[in-house]
Number of protein chains: 2
Amino acid sequence: MINRYLKVGKALAATIKDIAKHTGLGLATISSYLNGGNVREANREKIETAIEELNFEVNEVARGLKTNKTKTIGVVIPELNNIFCAEIITGVEDVLRNHGYATIVCDCRTDKELEKEAVDFLYRKRVDGIINMPVNVDGSHLKSFQKSGKPIVLIDRKINGIDCDCVLADNLTAAKNAVKRLVENGHTKIGMIGGPEEIFTAQERLLGYKTALMEAGIVPEEKLVVQGDYTIDSGVRCLENLVKQNPDMTAVFVANYEMTMGAVIGINELGIRIPEDLSIIGFDNTEFARACKPKLTIVTQPMREIAKNVAQIILKRMEADQRNPEASDFQVIKLQTDIVEGNSVRRI
Amino acid sequence: MINRYLKVGKALAATIKDIAKHTGLGLATISSYLNGGNVREANREKIETAIEELNFEVNEVARGLKTNKTKTIGVVIPELNNIFCAEIITGVEDVLRNHGYATIVCDCRTDKELEKEAVDFLYRKRVDGIINMPVNVDGSHLKSFQKSGKPIVLIDRKINGIDCDCVLADNLTAAKNAVKRLVENGHTKIGMIGGPEEIFTAQERLLGYKTALMEAGIVPEEKLVVQGDYTIDSGVRCLENLVKQNPDMTAVFVANYEMTMGAVIGINELGIRIPEDLSIIGFDNTEFARACKPKLTIVTQPMREIAKNVAQIILKRMEADQRNPEASDFQVIKLQTDIVEGNSVRRI
DNA sequence: TAGTAAAACCGAAACGTTACGGATTTGTCG
DNA sequence: CGACAAATCCGTAACGTTTCGGTTTTACTA
């Protein structure tokens, strides 16, 4: 009775057994066929028509149980509706799916608790690997997953305690070059809207800023640096503070996309003119920069490149760990950034 | 020998059997405990410490095989780095994960072939349901998945052949109100940058545009309407065409976010002033609108609301289809849009 | 304390696949 | 045509759960 109900509406999906019965062949033969093994031509045809007729699709769940591989990888990021994250996921997902892997996305809302929950969740789902742009910089959320011996690849933020590969942009150089560009245009009072101090990339960008100034013989001033949290709103607030505290500031460097947008909003709302009153160099997202008036000069990260590298590394690890499980040399890939010229920097 | 290698590096994950052995209880008891069944207090404690000690985590793959439920749903969208899609996924994923569901995202690059592949892929993965913002408007890619009896929820674009729920914005009214706003400000030569004609929402937005004009006694002109493909680049091109063809045009309505951005880029690059030379009303993404100079007036869709509705509907369906598999009344939920006032519309 | 209903427990059989070792068939060559 | 190696095939036992039906224990009641 109950059974009847359970079956209603289901297309009672065909299994390998049905194919075996239908063709008169054995289980193992079908399985072998499905996994690229050799079967006699005649049987191959039989199997193929049977698959067609019963419209059989292999059950990846069963396969996963047996092989202990789910062909699924988890991606844990701070915010999906952050252009950088979205772009990375797009790229990663593309490569992975072409290799038969599914991508489970977990947006942890920049919350360490949620991040840990997400990793545990993915562990229970038995993903074959995790890609993480970490919020919790001590890496404790990854410890127990790592014990499973499955690969982890970090994006954008290195973590010291965790042995794994990492792909990121050369943030130090990126920031240094941006600030250098401002200096070369005659600016000396240069503000910076940076990210949270515990985040690795934020530290590097700040260091790049300071380095560029010092190399130009300018002493970095405390009050010209203000720290946001990588959100649009904080960009607005930071810009307002910076302007209020430093009436003599002539240029500002903003260290991520969201805050760049925020800074532009702040500038517009305060009625400040770019670049006459204030020069600005932002970060990421060429499209937004192009839509601004005047067009923004920005630092761009090679997001597609980052994504491709991440995907390839994790694929390589997943191949490798069966035959050579000994920890090998983990790599940190650092990619170069670029500057897209706009009209937001004035020569003074 | 081989076995030895396979075990190296693995934390040889504990199973329910280990817990049973460790506690001296039976398999079924542990399983019952894990699923919220009753166990004697003393045993509960024993189980819990065993779980702790062996740090057992239930294998969702095995569970999925047995229960025929993967607690996973697939989302197929045209482009992840499209603000609308990203926002929807963020919202959906949030709700679903809170209910123990994982979300597999498939970005099909606005390609019908890839879209079909994605759906098949998800079927093989045995997802419990699919959420789709369809590219292929004839819905053929969904047919075979639908035979499995699992729920499908469409976003933003209704499909006639497919019986399922659908959540979207009231695009007709949205467009009508936007154009009405332009008319009320004295505009009569109003251009429109619309979307691909086969897409449902694009049709509705176009209809809204025409309706608003006609209600104001203005006859819609063929040459004032130009069709893009929802990308930034096409927004730029469309705007250029429109301006070239219609020197007397005083206002333009743009029917999605990406093209709005494109139109703004085009306007800036042509040196046209907003709103003195041209008034504009765009679509979606308040943040971008706010960052524009002058601030843009835009139509906003309740993306969070849409996402929440989508997630809830699919959850409901997944609950329901066990006890009452008979096709029930599918619903189309149409949510109202809003207009956020900026300074991009001039009164003439 | 005996008797009973309810609660808690248990073993075994599935779910759909893969993988092992051995059995069968095929093709080739003297 | 017979023999032998290579190629193909097969049955069975897992993988880690849930679930079914039945057995034991517990907690009451009389």
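Which backbone atom type of A:G26 lies 2.5 Å from a phosphate oxygen of DNA strand D? Select A:G26 and strand D together: a backbone N or O atom is what sits at that distance from the phosphate oxygen. Keep in mind throughout that this is a predicted model.

**Stop 1: DNA strand D**

Stay on this strand and add A:T29. An N or O atom in the A:T29 side chain is 2.6 Å from a phosphate oxygen of DNA strand D. Now jump to the other chain and pick B:I16, where a polar backbone atom is 2.8 Å from a phosphate oxygen of DNA strand D. If you colour by secondary structure, the elements giving two or more residues to the surface near this strand are α3 and α5 of chain A together with α3 and α5 of chain B. Highlight α5(B) in particular, since the largest share of that surface, four residues, comes from it.

Next, widen the selection to everything around DNA strand D. You should get 25 residues, and A:G26, A:T29, A:N43, A:K66 and B:R63 are the ones that come nearest. What part of the strand faces them? Sugar or phosphate makes up 69% of the DNA strand D atoms within 4 Å of the protein, and bases make up the rest.

**Stop 2: DNA strand C**

Swap to the other strand. DNA strand C is surrounded by 25 residues, with A:I16, B:G26, B:T29, B:N43 and B:K66 the closest. Here 70% of the strand atoms that come within 4 Å of the protein are sugar and phosphate.

Three selections are worth a click:

- A:I16: one of its backbone N or O atoms lies 2.5 Å from a phosphate oxygen of DNA strand C.
- A:R63: a side-chain N or O atom is 2.7 Å from a phosphate oxygen of DNA strand C.
- B:N38: a side-chain N or O atom is 3.3 Å from a phosphate oxygen of DNA strand C.

For the helices, show α3 (27–34) and α5 (60–67) in both chain A and chain B; each supplies at least two residues of the surface near DNA strand C. On this strand α5(A) gives the most, with four residues.

While you are in this part of chain A, select residues 14–67. UniProt lists them as "domain: HTH lacI-type", in an unreviewed entry. Over that stretch the chain is 69% helix and 0% strand, and the C-alpha atoms at the two ends are 20 Å apart.

**Stop 3: the axis**

Zoom out and superpose chain A on chain B. A rotation of 180° with 0.0 Å of shift along its axis does the job, at an RMSD of 0.1 Å. That is the relation of a two-fold axis. To find the axis from chain A, go to A:I104, whose C-alpha is the nearest to it in that chain, at 2.3 Å. Then select the interface: 100% of the interface residues of chain A are also interface residues in chain B, so the copies meet through the same surface.

**Stop 4: the nonpolar cores**

Hide the DNA for this one. The largest nonpolar core has 100 residues, and the members touching the most others are A:I193, A:F253, A:F288, B:I193, B:F253 and B:F288. Centre on B:F253 and show its surroundings: beyond four places in sequence, its contacts include B:A175, B:L182, B:I193, B:I281, B:F283 and B:V299. A second, separate core of 60 residues includes B:L96, B:Y101, B:V105 and B:A311.

**Stop 5: loops and backbone oddities**

Now for the loops. Most residues other than glycine have a negative phi, and most peptide bonds are trans. Here are some exceptions to select:

| Select | What is there |
|---|---|
| A:I274 and A:P275 | a cis peptide bond, omega near -5°; A:P275 is in the loop between α12 (257–270) and β9 (279–283) |
| A:K293 and A:P294 | a cis peptide bond, omega near -5°; A:P294 is in the loop between α13 (286–291) and β10 (297–300) |
| B:N68 | positive phi of about 65°, in the loop between α5 and β1 (72–77) |
| B:N285 | positive phi of about 50°, in the loop between β9 (279–283) and α13 (286–291) |

Are the two asparagines buried or exposed? B:N68 counts as partly exposed, at 41% relative accessibility, whereas B:N285 is buried, at 10%.

**Last stop: A:P196**

Finish on A:P196, in the loop between β6 (190–194) and α10 (200–215) of chain A. A:P196 is buried because its relative accessible area is 13%, under the 20% cut-off. Beyond its sequence neighbours within four places, A:P196 contacts A:A202, A:Q227, A:G228, A:D229 and A:Y230. For a sense of scale, draw a distance from A:P196 to A:V39: the C-alpha atoms are 60 Å apart, with these positions 157 residues apart along the chain.

Key
Residues are numbered from 1 along each chain as its sequence is written. Chains are lettered from A and ligands numbered from 1 in the order in which they are written. This is a predicted model: local features need pLDDT of at least 70, side-chain atom pairs count only at pLDDT 80 or more; totals for chains, interfaces and linings use all residues. Side-chain values use heavy atoms; hydrogens and water are left out. Buried means under 20% relative accessible area, exposed over 50%, partly exposed in between (1.4 Å probe, protein chains only). Contact means heavy atoms within 4.5 Å. A nonpolar core is a set of buried Ala, Val, Leu, Ile, Met, Phe, Trp, Tyr and Cys residues joined through side-chain atoms within 4.5 Å. UniProt positions are given in the numbering used here, feature names are shortened, and annotations may be inferred rather than shown by experiment. Copies are superposed by least squares on the C-alpha atoms of residues with pLDDT of at least 70 in both. A residue is near a molecule or strand if one of its heavy atoms lies within 4 Å of it. A polar contact is a pair of N or O atoms within 3.5 Å; within protein, one must be able to donate a hydrogen and the other to accept it, and residues adjacent in sequence count only if both atoms are side-chain atoms.
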